[in-house]
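Reader: I should be grateful for a close look at a single part of this protein, namely one strand and its surroundings. Please set that part in the context of the whole chain.

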Amino acid sequence: MLKSVNQSWGISPKFRDRYGSTWANIDFIFKDKIYAKSFKEDPLGTNVGTLEVAGLQIPFTYKDLMQNSRAISKIGAETHREDLSKKFEINIKSKSILLNRQEINRLSETLSDALLTVDRSYELGLYL
């Protein structure tokens with residue numbers, strides 16, 4: 001079973017029509033199993049999952065997740081009053097993506113939720 005933040009396969013057609021397929025398909029899929037040994041030896045370099053956005057699948061380490069979560073959150077704060085039709089270029093791990101403000105907010109929430117989940121799983125010893 002896939003461990004996912006947004007469970008994009010379950011988004012209703014109503015929301016897909018309202019917000020668009022790019023918004024609906026933004027998701028973070030966690031790696032099947034992360035071992036305690038990985039976090040002990042190299043916590044920041046541990047592969048934690050894959051970000052799915054705009055048809056791309058981008059593998060993420062814990063460090064990538066922390067960095068991009070902060071960066072996208074900052075961009076979301078800067079663009080929150082912009083026109084919905086305006087697209088912004090977002091760079092994630094050297095991949096350039098054009099997103100509107102709703103999609104940027106969805107991406108920001110997704111990365112924040114993924115980071116929180118990884119942090120809590122580590123604290124509880126669940127290791128996803």
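Author: Two strands are said to pair if DSSP finds at least two bridges between them. In this predicted model, strand β1 (residues 27-30) and strand β2 (residues 47-53) pair in the antiparallel sense, over four bridges. One residue position can be followed across that pairing: D27 of β1 has E52 as its bridge partner in β2.

The side chains of β1 fall into two sets. D27 and I29 point one way from the strand, whereas F28 and F30 point the other way. Are these residues buried or exposed? Both sets are buried, D27 and I29 as well as F28 and F30.

The segment before helix α1 (13-19) also reaches this part of the chain, through S8. S8 touches D27, the residue of β1 already described, and it also touches R16, A24, N25 and I26, leaving aside residues up to four places away in sequence. With I26 the separation can be stated in two ways: S8 and I26 are 18 residues apart in sequence, while their C-alpha atoms are 6.9 Å apart in space. Buried means under 20% relative accessible area. S8 has a relative accessibility of 9%, and therefore counts as buried.

On the other side of β1 in sequence, the loop between β1 and α3 (36-41) contains D32. Here the accessibility is of another kind. Exposed means over 50% relative accessible area, and D32, at 61%, therefore counts as exposed. D32 and G49 are 17 residues apart in sequence, with 8.2 Å between their C-alpha atoms. G49 is a residue of β2, the strand that spans residues 47-53.

The wider chain gives this part its setting. The protein chain holds five helices and five strands, and from the N terminus on the elements run α-α-β-α-β-β-α-β-β-α. The radius of gyration is 15 Å, close to the 14 Å that the globule rule gives for 128 residues, so the chain is as compact as a globular protein of that length. Along its principal axes, the C-alpha trace spans about 45 × 30 × 20 Å. Of the 128 residues, 36% count as buried. As for contacts between residues at least 6 apart in sequence, 48% of them join residues at least 24 apart.

A second antiparallel pair is found further along the chain. Strand β4 (residues 88-92) and strand β5 (residues 95-99) pair over five bridges, and I92 has K95 as its bridge partner in β5. β4 and β5 form a hairpin with two residues between them, and K93 in the turn has a positive phi of about 50°.

Among the helices, α4 (residues 62-79) is the place of S69. S69 is buried, since its relative accessible area is 7%, and the cut-off for that term is under 20%. Leaving aside residues up to four places away in sequence, S69 touches L111, S112 and L115.

The surface and the charges complete the account. The protein chain exposes about 7,600 Å², of which carbon and sulfur atoms supply 50%. The chain has 19 positive and 16 negative charges, and the mean positions of the two sets are 2 Å apart.

Terms used:
Residues are numbered from 1 along each chain as its sequence is written. This is a predicted model: local features need pLDDT of at least 70, side-chain atom pairs count only at pLDDT 80 or more; totals for chains, interfaces and linings use all residues. Side-chain values use heavy atoms; hydrogens and water are left out. The radius of gyration is taken over C-alpha atoms; the globule rule is 2.2 Å times the number of residues to the power 0.38. Buried means under 20% relative accessible area, exposed over 50%, partly exposed in between (1.4 Å probe, protein chains only). Contact means heavy atoms within 4.5 Å. Accessible areas come from the Shrake-Rupley method with a 1.4 Å probe; for residues, only the protein chains shown count as cover. Lys and Arg count as positive and Asp and Glu as negative; His and the chain ends are not counted. The place of a charge is taken as NZ of Lys, CZ of Arg, CG of Asp or CD of Glu.
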